[in-house]
Amino acid sequence: MFINGKWKEAQNGAKFDVLNPATGEVISSVADAGSQDISAAIEAADKAFPVWSSLTAYQRSHYLYTAWKIMMDKKEDLARVMTMEQGKPLVAARNEVQYGADFLLWFAEEAKRVYGQTIPSARPDQRFIVLKQPIGVVGAVTPWNYPVSMITRKLAPALAAGCTVVLKPAEATPLCAMEMFKIFEEAQIPAGVINLVTAFDPKPVGDEFVSNPIIRKLTFTGSTKVGKMLASKAAQHMKKISLELGGHAPFIVYDDADPIHAAKGAVLVKFLNTGQACISPNRIFVPRHMVDDFTQEFTKRVNAMKAGNGMDKGVRIGPLVGPDAIAKVENQVKDALEKGAQLITGGTRLTDSPLENGFFYAPTVLSNVTKDMLIFREETFGPVAPIIAYDPEDDVIEMANDTVYGLAAYVYTKSTSRAMNAFERLKFGIIGINDINPTSAAAPFGGMKESGIGREGAKEGINEYLETKLGGFSI
Ligand code: ADP
């Protein structure tokens, strides 16, 4: 752990193992925080806050910029640790490191643009001034699927705003977090400003984050279930929260779209990180008369994807995070097949050597998927593509909106008016129009409905860590 500028073991000496999901091997063993460690980290962040928040924005920006430069130099090393610990193919890991580094650079710039306002008053003797100030100590909880970029997406704006932070990364990926903290250490970010607490059981850390009055803001990325639980507890103390939760993205193909082009896009985004992404399409809507062409092209591309250890060249499908993830996928596929879905390809675990000790599931295509199936409602977080046929009389936007989630949606059409109509009517925070990568450090990322609260990245991202203070001056 990294507490108050020093690397530490847990005070009670406890540790937990980290596995490589491609081989099942133990690759490291890391500190397992106890309550004393969590308190020490929060106290360190509290003590560092007055100093860090009083630096000029230019000084804080410089630290972030330095961290960005070091991160770019270490891109390859970081990517390798990520592939080993999280499983995604090395090419994808490199992309993630770049995306993660982008947040450091973007918020190094935004730090200098935290503008207040002056507001005209109706009274001649009065002036209004609005000041933006850092909210205080931040508790951050990050997931395992994007184990580097989810850290910078939270820490960079928090630090830019003048907040200090305690981070708890996912128990499956503490090594990536440790690598990031080595970078922050090398950038000489002052002691106590950022603290890392690794823990096998996330609950005690989460409970402390939501109940300790020192923590003024909780930023969480993970499941909707845990997000709701944390939000309800944080409400008892009126803490500011941002939550980036689950998704169930629709991918809508209109009848004027090129089925080949659409299938190409759908495969790329569906199997990103082996489907373990909150913006992964979970319902692919295709006009009934185009389903055969689309499915054929889609399946051809799926069958060409090689599964394996992400370190090996040419691998496109890495392992799932663990046995529970496999069980969830198996259950959804079984349920769909029992209710009349057609299995086009995949549908099994991959257990032939050398994959037998990893958590691999074949990239899978299901057609004839209908509303009554689990997969139509429940986030899959795995490599299964459900294709749903729709008819001309169906309102496909309404079908797409028929979910409790509201994170990402994709639309393929050549018609500008259809594109605009879909963009306006879809109840999702991120819409890709003929585009499968509508993400960037410069663009606001986040969801509506049960996909969360708040936005990360962009100029919105820093606002999540700021309080608005109004001054009314009588002169
Ligand atoms: P997933 O199902 O994707 O693993 P989780 O919501 O369980 O999603 O995990 C996302 C992050 O939330 C991880 O860092 C995990 O350790 C953390 N987490 C899980 N349960 C809790 C909890 N009760 N309190 C705080 N953090 C939690």
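These notebook entries record what I looked up around the ligand and in one pocket of a predicted model.

**Entry 1: the ligand shell**

I began with the residues around the ligand and found 17 of them. The closest are Thr142, Trp144, Lys168, Glu171 and Ser223. By class, I recorded nine nonpolar, five polar and three charged residues in this shell.

**Entry 2: polar atoms facing the ligand**

I then looked up distances from side chains to oxygen atoms of the ligand. For serine 223, a polar side-chain atom lies 2.7 Å from a ligand oxygen. For lysine 168, an N or O atom of the side chain is 2.9 Å from an oxygen atom of the ligand. For tryptophan 144, the distance from a polar side-chain atom to a ligand oxygen is 3.0 Å.

I next noted how much of the ligand is covered. On its own, the ligand exposes 540 Å², and the protein buries 80% of that. I also asked which elements give two or more residues to the shell. They are α7 (202–211), β10 (215–221) and α8 (224–235).

**Entry 3: the second largest pocket**

I turned to the second largest pocket, which holds about 220 Å³ of space. I counted 15 lining residues; Tyr390, Asp391, Pro392, Asp394 and Arg418 are the closest to the pocket's centre. Two or more lining residues come from each of α13 (396–401) and α14 (416–425). The most comes from α14, which gives three residues. By class, I recorded six nonpolar, two polar and seven charged residues in the lining of this pocket.

Notes:
Residues numbered from 1 in each chain as written. Predicted model: local features only at pLDDT ≥ 70, side-chain atom pairs only at ≥ 80, totals over all residues. Heavy atoms only, no water. Near = heavy atom within 4 Å. Polar contact = N/O pair within 3.5 Å; in protein donor to acceptor, adjacent residues only side chain to side chain. Areas by Shrake-Rupley, 256 points an atom, 1.4 Å probe, with all protein chains shown as cover. Helix = DSSP H or I, 4+ residues; strand = E, 2+ residues; numbered from the N terminus. Nonpolar A, V, L, I, M, F, W, Y, C, P; charged D, E, K, R; others polar. 1 Å grid on protein atoms, 1.4 Å probe; cavity = no way out; pocket = protein on both sides within 12 Å on 5 of 7 lines; lining within 4 Å. Points joined across faces, edges and corners; volume = space filled by probe spheres on them.
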